[in-house]
Amino acid sequence: MRESSDDVIVSVIIPTHNRIWALPKAVESVCEQRFDRWELIVVDDGSTDGTGDWMARHAPRARYIYQENHGVSAARNRGIEASVGRYIAFLDSDDRWLPGKLYRQVSIMESEGAMVSYTDEIWIRNGRRVNPRERHKKYDGDIFLQSLPLVIVSPSSVMIHREVLGDVGPFDETLLACEDYDLWLRLTSRYPVRYIDEPLIVKTGGHDDQLSKRFWGLDMLRIYALEKILSEDELSPNRARAVMEEIVKKGRVVLGGAKKRGNDPAVQYYEDMVKRYERRLEAI
């Protein structure tokens with residue numbers, strides 16, 4: 001059943017691909033929210049595990065969209081295009097929300113006029129609860145510089161006003177991974193982010209189909225995102241310098257990996273890139 005746009009405040013988008021083993025818990029966690037003015041859009045990115053049949057039988061309130069396999073960015077973008085809510089909330093199909101998540105975020109964003117918010121999280125790895133490392137520490141407000149080393153905003157914890165996505169643009173569908181890093185750079189370069197210091201999601205990991213396990217050299221994709229923000233956004237001198245310093249740092253990591261693998265073209269490319277940005281930094 002499609003919700004009326006007058007009734008929907010939050011559009012919840014779950015992208016999924018062959019995760020029938022996890023999807024039911026994610027969907028259930030949306031249905032158990034104490035805040036009821038939501039629509040749920042599940043975008044099936046080419047699953048072959050019976051996801052569509054399960055959705056038809058067990059999730060009558062959700063809107064199910066099937067597409068050929070184009071990746072998580074395309075799936076999220078398809079959900080955004082189909083949504084009608086004032087706010088967009090993403091939920092990965094292997095994560096789940098605690099019951100007060102939507103109510104708490106909507107209350108804070110409405111009362112404070114915040115355009116973006118995210119929450120603390122509970123981490124489960126290989127079935128056991130673990131503590132996040134210091135590098136995953138959360139920050140409130142202007143978090144652009146803190147977002148350069150790695151993503152500190154979990155997609156499953158974020159809520160974004162629709163106007164923000166209209167401004168910064170959708171997920172980059174050319175990226176097979178690190179698509180969230182790319183979007184959060186664009187977003188945090190323009191908007192403060194309200195951090196809600198409450199664990200309102202359960203974030204799971206350790207399974208074999210995670211994107212971070214399937215791709216070598218993720219820093220190559222992060223460098224792509226950093227170079228893009230450097231060329232496309234009007235960054236302050238302080239921010240531009242920080243971006244270039246991060247490119248050099250990540251470039252050296254990728255260079256080391258290329259040397260280990262004997263990838264001579266990549267060695268030459270990243271040696272040249274690191275030297276180029278070092279010269280730019282020296283000239284500032």
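**Entry 1: Thr188**

I started with Thr188, which turns out to be buried, with a relative accessible area of 2%. The cut-off for buried is under 20%, so Thr188 passes. A note to myself before going on: this is a predicted model.

Where does Thr188 sit? I found Thr188 in helix α7. Next I looked at what its side chain does. A polar atom of the Thr188 side chain lies 2.7 Å from the backbone oxygen of Trp184. Then I listed what Thr188 touches, skipping residues up to four places away in sequence: Asp142, Ile143, Phe144, Ser147, Val193 and Arg239.

**Entry 2: Ile223**

Next I went to helix α9, where Ile223 has its place. Is Ile223 buried or exposed? It counts as buried, because its relative accessibility is 2%.

I wrote down the contacts of Ile223, leaving aside neighbours within four places in sequence. They are Ile247, Lys250, Gly251, Val254, Tyr270 and Met273. I also checked a distance: Ile223 and Leu255 are 32 residues apart along the chain, and their C-alpha atoms are separated by 12 Å.

**Entry 3: the cavity**

How many cavities of 30 Å³ or more does the structure hold? I got 1. The volume of the largest cavity is about 30 Å³.

I then looked up who lines the largest cavity, and wrote down Asp182, Arg186, Ala225, Lys228, Ile229, Glu232 and Asp233. Two helices, α7 (179-188) and α9 (218-232), each supply at least two residues of that lining. The largest share, 4 residues, comes from α9. So I was back at the helices of my earlier entries: Thr188 is in α7 and Ile223 is in α9.

What classes of residue make up this lining? I counted 2 nonpolar, no polar and 5 charged.

**Entry 4: aromatic pairs**

I turned to the rings and got a count of 4 aromatic pairs. One of them is Phe90 with Phe171, an edge-to-face pair at 5.4 Å centre to centre, with 80 degrees between the planes. This pair links distant parts of the chain, 81 residues apart. Phe90 is in strand β4 (residues 87-90), and Phe171 is in the loop between α6 (162-168) and α7.

I checked both for burial. Phe90 is buried, with a relative accessible area of 0%, and Phe171 is buried too, at 3%.

Another pair I noted is Tyr269 with Tyr270: the ring centres are 4.9 Å apart and the planes are at 85 degrees, so the pair is edge-to-face. Tyr269 counts as partly exposed, with a relative accessibility of 45%, whereas Tyr270 is buried at 8%. I had met Tyr270 before, as one of the contacts of Ile223.

Which residues do ring pairs link into a cluster? I found Phe90, Phe171 and Trp184. Trp184 was familiar as well, since I had already written down its backbone oxygen, 2.7 Å from a polar side-chain atom of Thr188.

**Entry 5: a pocket**

I looked up the second largest pocket, which holds about 220 Å³ of space. It is lined by 15 residues, and Trp21, Ala22, Asp94, Arg96 and Thr204 lie nearest its centre. α1 (23-31) and β9 (194-205) each supply at least two residues of this lining. By class, I wrote down 4 nonpolar, 7 polar and 4 charged residues.

**Entry 6: positive phi**

I wanted residues with a positive phi that are not glycines, and wrote down Asn18 at about 50 degrees and Cys178 at about 60 degrees.

Asn18 lies in the loop between β1 (10-16) and α1. It is partly exposed, with a relative accessible area of 27%. Cys178 has its place in the loop between α6 and α7, the loop that I had listed for Phe171. Is Cys178 buried or exposed? Cys178 is buried, with a relative accessible area of 9%.

**Entry 7: Asp264**

My last stop was Asp264, in helix α11 (residues 264-283). Asp264 counts as exposed, because its relative accessibility is 57%; the cut-off I used for exposed is over 50%.

How far apart are Asp264 and Tyr195? I wrote down 69 residues in sequence and 43 Å in space, C-alpha to C-alpha.

Key: Residues are numbered from 1 along each chain as its sequence is written. This is a predicted model: local features need pLDDT of at least 70, side-chain atom pairs count only at pLDDT 80 or more; totals for chains, interfaces and linings use all residues. Side-chain values use heavy atoms; hydrogens and water are left out. Buried means under 20% relative accessible area, exposed over 50%, partly exposed in between (1.4 Å probe, protein chains only). On a 1 Å grid over the protein atoms alone, a cavity is a set of points where a 1.4 Å probe fits but cannot get out, and a pocket is an open set with protein on both sides within 12 Å along at least five of seven lines; lining residues have an atom within 4 Å of a point. Grid points are joined across faces, edges and corners, and a volume is the space filled by probe spheres set on the points. Ala, Val, Leu, Ile, Met, Phe, Trp, Tyr, Cys and Pro count as nonpolar, Asp, Glu, Lys and Arg as charged, and the others, Gly among them, as polar. Contact means heavy atoms within 4.5 Å. A polar contact is a pair of N or O atoms within 3.5 Å; within protein, one must be able to donate a hydrogen and the other to accept it, and residues adjacent in sequence count only if both atoms are side-chain atoms. Rings of Phe, Tyr and Trp (its six-membered ring) pair if their centres lie within 6.5 Å; planes under 30 degrees apart count as stacked, over 60 as edge-to-face and the rest as tilted.
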